[in-house]
Amino acid sequence: MLQRSVAACDAHPAVSELVVVLPADWVAEGPSLVGTTRAACRVVAGGERRQDSVRAGVAAVSDAATIVLVHDAARPFVSREVIDRVVIAAGESGAAVPAIPVADTVKRVAVADTYRHVVRTEPRAEVWLAQTPQGFRREVLVAAMAAGEGHTEATDEAQLVEWMGSEVRVVEGDVSNVKVTTSRDVEQAQALWTAQSRVGTGYDLHRLVEGRPLVLAGLTIPFERGPLAHSDGDVVCHALTDAILGAAGVGDIGQLFPNTDARWKDAAGLDLLGRAVAAVREHGWRVVNVDVTVVLERPQLAPHVPAIRASLATVLGVPVEAVSVKGKTNEGVDAVGTGDAIASHAVALLKRGRP
Ligand code: MG
């Protein structure tokens with residue numbers, strides 16, 4: 001849950017650094033608990049009260065930061081849109097919280113000796129449930145923490161700003177941005193997590209020339225021509241690699257495996273595909289199924305389809321039924337149609353791995 005909450009913030013382009021506040025006896029293993037992040041990440045020890053932990057966190061934020069977001073590690077589903085709204089409103093007003101309206105009728109309740117009773121019904125439109133991240137211009141948060149020093153525990157940072165008498169702007173939260181608190185919440189969060197899916201597409205084309213092997217899904221197909229490429233020119237693997245990386249939103253084949261890098265210049269397509277599967281797995285995604293179309297004039301693909309599917313299924317870690325491969329000709333049109341090039345299109349569906 002910590003990793004996912006951190007990753008949700010890390011994925012936002014406006015987030016330039018991360019500070020993770022952990023119980024003191026977790027700090028040593030903090031970096032391994034957090035995992036790798038795009039933004040620089042520091043791990044610091046928290047304090048007794050929530051505001052003590054936040055103070056320790058804010059103290060570790062670099063001087064260059066103008067806006068500080070405070071997020072609960074128990075909210076792994078925060079969206080980019082919610083973070084956007086908080087960042088913008090915090091910049092404008094100094095302090096902002098995401099909140100959602102309540103659906104139920106709200107009763108103010110008092111406790112008598114042995115029972116509870118309704119004092120009154122609160123106007124529902126005026127009651128909102130606050131979420132995180134809460135956003136602050138840095139100087140506002142620092143001043144609010146100093147002003148709130150004498151108070152008892154604040155349940156959120158916005159409360160410190162309220163105590164200071166300053167305005168806290170409310171922006172639209174998200175019902176999916178739940179705080180995972182009870183074991184029932186954990187079950188629901190796991191179900192919500194594994195229900196997430198993403199789709200991506202990929203495309204590749206190589207010229208066909210004499211004297212090169214025709215490699216598809218790592219298999220050499222008997223033919224007199226093959227792709228002109230630094231690598232093996234495996235259009236099936238290259239298109240599929242892009243589809244998988246694209247579905248996870250983690251870049252493309254050229255970014256992850258640039259052919260200007262000696263490591264990848266002559267890399268086998270099947271190897272890159274395996275690396276792409278590992279890369280998206282690190283981001284919590286697994287491949288569900290793929291569909292590949294190979295466009296080539298000759299040779300006929302059909303006799304090789306079972307072996308291509310089996311080869312891909314092994315690397316993707318899915319049953320062979322989850323791998324579809326289809327051959328098409330280009331009806332004599334364009335370079336593919338004249339047999340001077342081979343192309344491939346791929347679609348991949350990913351789902352979240354087990355939490
Ligand atoms: Mg290629």
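Biologist: Is N177 buried or exposed?

Modeller: This is a predicted model, and every value here is computed from it. Burial is read from relative accessibility. Under 20% counts as buried. N177 has 0% relative accessibility, so N177 is buried.

Biologist: Where does N177 sit along the chain?

Modeller: N177 is in a loop. That loop runs between strand 9 (169–172) and helix 7 (183–195).

Biologist: Which residues is N177 in contact with, leaving aside its neighbours within four places in sequence?

Modeller: Contact means heavy atoms within 4.5 Å. By that rule N177 touches H71, R75, F77, V78 and V82. Q131 and T132 are in contact with N177 too.

Biologist: Now T314. Is T314 buried or exposed?

Modeller: Over 50% counts as exposed. T314 has a relative accessible area of 65%, so T314 is exposed. T314 lies in helix 12. Its C-alpha atom is separated by 35 Å from that of G30, and the two residues are 284 residues apart along the chain.

Biologist: How do helix 11 and helix 12 pack?

Modeller: Look at the angle and the distance between the axes. Helix 11 (residues 269–282) and helix 12 (residues 305–316) pack at about 35 degrees. Their axes are 9 Å apart. Helix 11 brings L270, L273, G274 and V277 to the contact. Helix 12 brings S311, L312, V315 and L316. Six residues of this contact are nonpolar, two are polar and none is charged.

Biologist: What coordinates the magnesium ion?

Modeller: Look for the donor atoms. D204 gives OD twice, H206 gives NE2 and H238 gives ND1, at 2.2 to 2.7 Å. The donors follow the spacing D-x1-H-x31-H along the chain. D204 lies in strand 10 (residues 197–210) and H238 in helix 8 (residues 235–248), so this pair ties together parts 34 residues apart in sequence. D204 and H238 are both buried.

Biologist: What about strands? How do strand 5 and strand 6 run?

Modeller: First, the general idea. In a regular strand, side chains alternate between the two faces of the sheet. Now the case here. Strand 5 (residues 106–111) and strand 6 (residues 116–122) run antiparallel, joined by six bridges. One bridge pairs R108 with R120 of strand 6. The two strands form a hairpin, with four residues between them.

Biologist: Finally, the whole chain. Which domains is the chain divided into?

Modeller: Domain 1 covers 2–99 + 129–194, and domain 2 covers 198–352. Taken over C-alpha atoms, their centres are 41 Å apart.

Notes:
Residues numbered from 1 in each chain as written. Predicted model: local features only at pLDDT ≥ 70, side-chain atom pairs only at ≥ 80, totals over all residues. Heavy atoms only, no water. Domains from an automatic or database assignment. Pairing = 2+ DSSP bridges. Axes fitted to C-alpha atoms, helices over the stretch in contact; angles between N-to-C directions. Nonpolar A, V, L, I, M, F, W, Y, C, P; charged D, E, K, R; others polar. Buried < 20%, exposed > 50% of the residue type's maximum accessible area, 1.4 Å probe, protein only. Donors = N, O, S within 2.8 Å, 3.2 Å for Na, K, Ca; no water.
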